[in-house]
Amino acid sequence: MPTGLKQTSSIISIGFAVDETAANTFTQSQVDLNLSPLDREVFVVQAIDLTLGPCDAVAGDNTAMEGSITSTRQTDVATLANSNCLAIALNQIRGQGFADSGVGFSQTAGESPNTLLEYLGIIATNDFFVQVKGANNVAPHGMSGKMYGYRAQASADIYAALVQSEVLSA
């Protein structure tokens, strides 16, 4: 248990999904955690499972689908260099230079914590955000997943520091 937090629930799983509004268009969805700021409630993220939609196989062209989960609103799909990014996923088909086929690649990060980690992140504000964007695809695709964690009550000083850190790093 992180210092300054008291667990107030058992493990909770929260499902989410976001679909591109049009092919190759950045789209973001907001997921409400229903936290109580008056009770200094936070959400401790223990694991995230992501399922990213496939890329379209376009002869002679590279295609991609990328997605991320963040604790703050973004203007593009986040990378792990962003301090508010909890997890990312990337699917690619490298077809440039091939007349009729390509090579597929898949990358994920942040889905399951190392056994030495107690948690992936702490969400101190009431929402988290799911982003998705394709590149050179013919049709729109999306991403779905589940976030696992528990609610906790933070001491006043820890809560203030967590909220300030999350909001100022947005």
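**Entry: Ala-154**

I started at Ala-154 and looked up its accessibility in this predicted model. Ala-154 comes out at 1% relative accessibility, so I logged it as buried. The cut-off I used for buried is under 20%. Next I checked where Ala-154 sits, and found it in strand β10. I then looked at a neighbour in space, Arg-40. The C-alpha atoms of Ala-154 and Arg-40 are 5.6 Å apart. Along the chain, 114 residues separate the two.

**Entry: overall layout**

I stepped back to the whole chain. I found ten strands and one helix. The order along the sequence reads β-β-β-β-β-β-β-β-β-β-α. The strands therefore come before the helix in my sketch, under the DSSP runs I used. I also noted burial for the protein: 43% of its 170 residues count as buried.

**Entry: partners of β10**

Ala-154 made me curious about β10. Which strands run antiparallel to β10? I logged β1, β2 and β4 among them.

- β1, residues 5-7, is joined to β10 by three bridges. I picked out Gln-7, whose bridge partner in β10 is Ala-152.
- β2, residues 12-19, pairs with β10 over eight bridges. Here I noted Asp-19, with Gly-142 as its partner in β10.
- β4 pairs with β10 over eleven bridges. I wrote down Ile-48 of this pairing, which has Met-147 opposite it as bridge partner in β10.

**Entry: nonpolar core**

Ile-48 and Met-147 came up again when I looked at the largest nonpolar core. How many residues does this core have? I read 24. Ile-48 and Met-147 are listed with Phe-16, Ile-69 and Phe-128 as the residues with the most contacts inside the core. I then asked which elements supply the core. At least two residues each come from β2, β4, β5, β6, β9 and β10. The top contributor is β4, with five residues. So far I have β4 down twice: it gives the most to this core, and it pairs with β10.

**Entry: salt bridges**

I counted salt bridges next and got two.

The first one I opened joins the side chains of Glu-41 and Arg-151, at 3.2 Å from N to O. Why does this pair tie together parts that are 110 residues apart in sequence? Glu-41 is in β4 (residues 41-52) and Arg-151 is in β10 (residues 142-154), so the bridge spans that stretch of chain. I checked burial too: Glu-41 has a relative accessible area of 15%, so I logged it as buried.

The other one joins Lys-133 and Asp-76, with 3.0 Å from N to O between their side chains. This pair also links distant parts of the chain, 57 residues apart. Lys-133 lies in strand β9 (residues 127-135), and Asp-76 lies in the loop between β5 (63-70) and β6. Is Asp-76 buried, partly exposed or exposed? I read 34% relative accessibility for Asp-76, which makes it partly exposed.

**Entry: largest pocket**

I moved on to the largest pocket. Its space comes to about 290 Å³. I counted 17 residues in its lining. The ones nearest its centre are Ser-83, Asn-84, Leu-86, Gly-121 and Ile-122. Which elements give two or more residues to this lining? I found β6 (85-94), β8 (121-123) and α1 (156-168). The helix α1 gives the most, with four residues. I sorted the lining by residue class as well. Nine residues are nonpolar, seven are polar and one is charged.

**Entry: two asparagines with positive phi**

Last, I looked at backbone angles. Most residues other than glycine have a negative phi. I therefore noted two asparagines that go against that general rule.

Asn-24 has a positive phi of about 65°. I placed Asn-24 in the loop between β2 and β3 (27-32). Its relative accessible area is 30%, so Asn-24 goes down as partly exposed.

Asn-34 also has a positive phi, about 55°. I found Asn-34 in the loop between β3 and β4. At 53% relative accessibility, I logged Asn-34 as exposed.

Notes. Residues are numbered from 1 along each chain as its sequence is written. This is a predicted model: local features need pLDDT of at least 70, side-chain atom pairs count only at pLDDT 80 or more; totals for chains, interfaces and linings use all residues. Side-chain values use heavy atoms; hydrogens and water are left out. On a 1 Å grid over the protein atoms alone, a cavity is a set of points where a 1.4 Å probe fits but cannot get out, and a pocket is an open set with protein on both sides within 12 Å along at least five of seven lines; lining residues have an atom within 4 Å of a point. Grid points are joined across faces, edges and corners, and a volume is the space filled by probe spheres set on the points. Ala, Val, Leu, Ile, Met, Phe, Trp, Tyr, Cys and Pro count as nonpolar, Asp, Glu, Lys and Arg as charged, and the others, Gly among them, as polar. A salt bridge is a side-chain nitrogen of Lys or Arg within 4 Å of a carboxyl oxygen of Asp or Glu. Buried means under 20% relative accessible area, exposed over 50%, partly exposed in between (1.4 Å probe, protein chains only). Two strands pair if DSSP finds at least two bridges between them. A nonpolar core is a set of buried Ala, Val, Leu, Ile, Met, Phe, Trp, Tyr and Cys residues joined through side-chain atoms within 4.5 Å.
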